[in-house]
Amino acid sequence: MKIDGGCFCGSITYEAEADPQYVMICHCTDCQTLTGSAFRTVILTRPDGFTLRSGAPKIYVKTAENGNKRLQAFCAECGTPIYSTAPGDGPKVYVVRLGSVRQRDQLIPKTQIWSRSKQKWLGDIGSMRAFEKELVVD
Ligand SMILES: [Zn+2]
Ligand SMILES: [Zn+2]
C-alpha cells in the first residue's frame with residue numbers, strides 16, 4: 001500500500017510503498033535508547049520503495065555489536081526518527097518509523113523481534129490506569 005508521512009516540525013515529508021504484513025515491534029536495547037521509549041514500531045518498504053518529498057534528514061551511522069552498519073535518518077530540527085536502511089547503493093529496504101506514518105492507525109504490528117530485551121511491564125499495559133487526556137494534578 002501507499003503510505004506517506006513526515007516529521008513533527010513538517011520539514012521532512014515522504015511517500016513509500018510498503019506491505020501492511022511487515023509492521024513490526026523491535027524490543028532491542030538500541031531501539032529503546034534511540035526512541036527514548038520502551039520499543040520501536042516500524043513498517044518495511046518494498047526495495048527502493050521510499051521517496052523523500054521534502055527536507056533532508058540527518059544520518060547517523062550506527063554500528064551494531066556484530067559490526068553491521070545501519071543508517072539512521074532523523075529530522076535535525078525536531079528529532080523525529082524517520083527510517084533506517086543499509087549503507088551503500090543498490091535496491092534498499094527502508095525501515096520506516098511507524099509514528100511518522102500518517103496511516104499508522106491502520107497498520108497493526110504482526111511480529112515482535114528482540115523479545116529477549118522486551119520491557120517486562122508491557123504485558124500489564126491493558127490493566128494500567130488510563131486517562132482519556134493528560135493527567136492534571138491539582
Ligand atoms: Zn522535523
Ligand atoms: Zn531495534
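**Glu 15, a partly exposed residue with a relative accessible area of 29%, in close-up.** The value falls between the 20% limit for buried and the 50% limit for exposed, so Glu 15 belongs to neither class. The model shown here and in the other views is predicted. Glu 15 pairs with Arg 53 in a salt bridge, and the closest N and O atoms lie 3.0 Å apart. Arg 53 belongs to strand β3 (residues 40-54) and Glu 15 to strand β2, so this contact ties together parts that are 38 residues apart in sequence. Side chains of opposite charge can pair when their charged atoms come close.

**Arg 46 and Glu 17 form a salt bridge.** The closest N and O atoms are 3.6 Å apart. That distance counts as a salt bridge because the cut-off is 4 Å. Arg 46 sits in strand β3 and Glu 17 in strand β2, with their positions 29 residues apart in sequence. Both ends of the contact have an accessibility class. Arg 46 is partly exposed, with a relative accessible area of 40%. Glu 17 is partly exposed too, at 23%.

**Asp 4 meets Arg 102 in a salt bridge.** The N to O distance is 2.8 Å. Asp 4 is in strand β1, while Arg 102 is in the loop between β7 (95-97) and β8 (111-113). The pair links distant parts of the chain, 98 residues apart. At 22% relative accessibility, Asp 4 is partly exposed. Arg 102 is exposed, because its relative accessible area of 60% is over the 50% limit. A search of the whole structure gives 4 salt bridges, including this one.

**Four cysteines hold the zinc ion (ligand 1).** The SG atoms of Cys 7, Cys 9, Cys 75 and Cys 78 coordinate the metal at 2.3 to 2.4 Å. The 4 donor atoms subtend angles of 105 to 114° around the zinc ion, so the arrangement is tetrahedral. In sequence the donor residues follow the spacing C-x1-C-x65-C-x2-C. Cys 7 and Cys 78 link distant parts of the chain, 71 residues apart. Cys 7 lies in the loop between β1 (2-6) and β2 (13-26). Cys 78 lies in the loop between β5 (69-74) and β6 (81-85).

**Among the zinc donors, Cys 75 is buried, with a relative accessible area of 2%.** Cys 7 is also buried, at 9%. Cys 78 is partly exposed, at 30% relative accessibility. A disulfide is a covalent bond between the sulfur atoms of two cysteines. The structure has 0 disulfides, because no pair of cysteine sulfur atoms comes within 2.5 Å.

**Ring pairs join Tyr 14, Phe 50, Tyr 83 and Tyr 94 into a cluster.** The count comes to 4 aromatic pairs. Phe 50 and Tyr 94 are stacked, at 5.0 Å centre to centre and 15° between the planes. Phe 50 is in strand β3, and Tyr 94 is in the loop between β6 and β7, 44 residues apart. Both Phe 50 and Tyr 94 are buried.

**Tyr 83 and Tyr 94 form an edge-to-face pair.** Their ring centres are 5.0 Å apart, with 75° between the planes. The angle counts as edge-to-face because it is over 60 degrees. Tyr 83 belongs to strand β6 and Tyr 94 to the loop between β6 and β7, 11 residues apart. Both tyrosines are buried.

**The largest nonpolar core has 18 residues.** Ile 43, Phe 50, Val 96 and Val 101 touch the most other members. The elements that give two or more residues to this core are β2, β3 and β6. Strand β2 gives the most, with 4 residues. Phe 50 also appears in the aromatic cluster, along with Tyr 14, Tyr 83 and Tyr 94. In soluble globular proteins, nonpolar side chains tend to be buried together.

How values were computed:
Residues are numbered from 1 along each chain as its sequence is written. Chains are lettered from A and ligands numbered from 1 in the order in which they are written. This is a predicted model: local features need pLDDT of at least 70, side-chain atom pairs count only at pLDDT 80 or more; totals for chains, interfaces and linings use all residues. Side-chain values use heavy atoms; hydrogens and water are left out. Donors are N, O and S atoms within 2.8 Å of the metal (3.2 Å for Na, K and Ca); water is not among the atoms, so sites may look incomplete. Four donors count as tetrahedral if all angles lie between 85 and 135 degrees; four count as square planar and six as octahedral if opposite donors are over 155 degrees apart and all others between 65 and 115; anything else is irregular. Buried means under 20% relative accessible area, exposed over 50%, partly exposed in between (1.4 Å probe, protein chains only). A salt bridge is a side-chain nitrogen of Lys or Arg within 4 Å of a carboxyl oxygen of Asp or Glu. Rings of Phe, Tyr and Trp (its six-membered ring) pair if their centres lie within 6.5 Å; planes under 30 degrees apart count as stacked, over 60 as edge-to-face and the rest as tilted. A nonpolar core is a set of buried Ala, Val, Leu, Ile, Met, Phe, Trp, Tyr and Cys residues joined through side-chain atoms within 4.5 Å.
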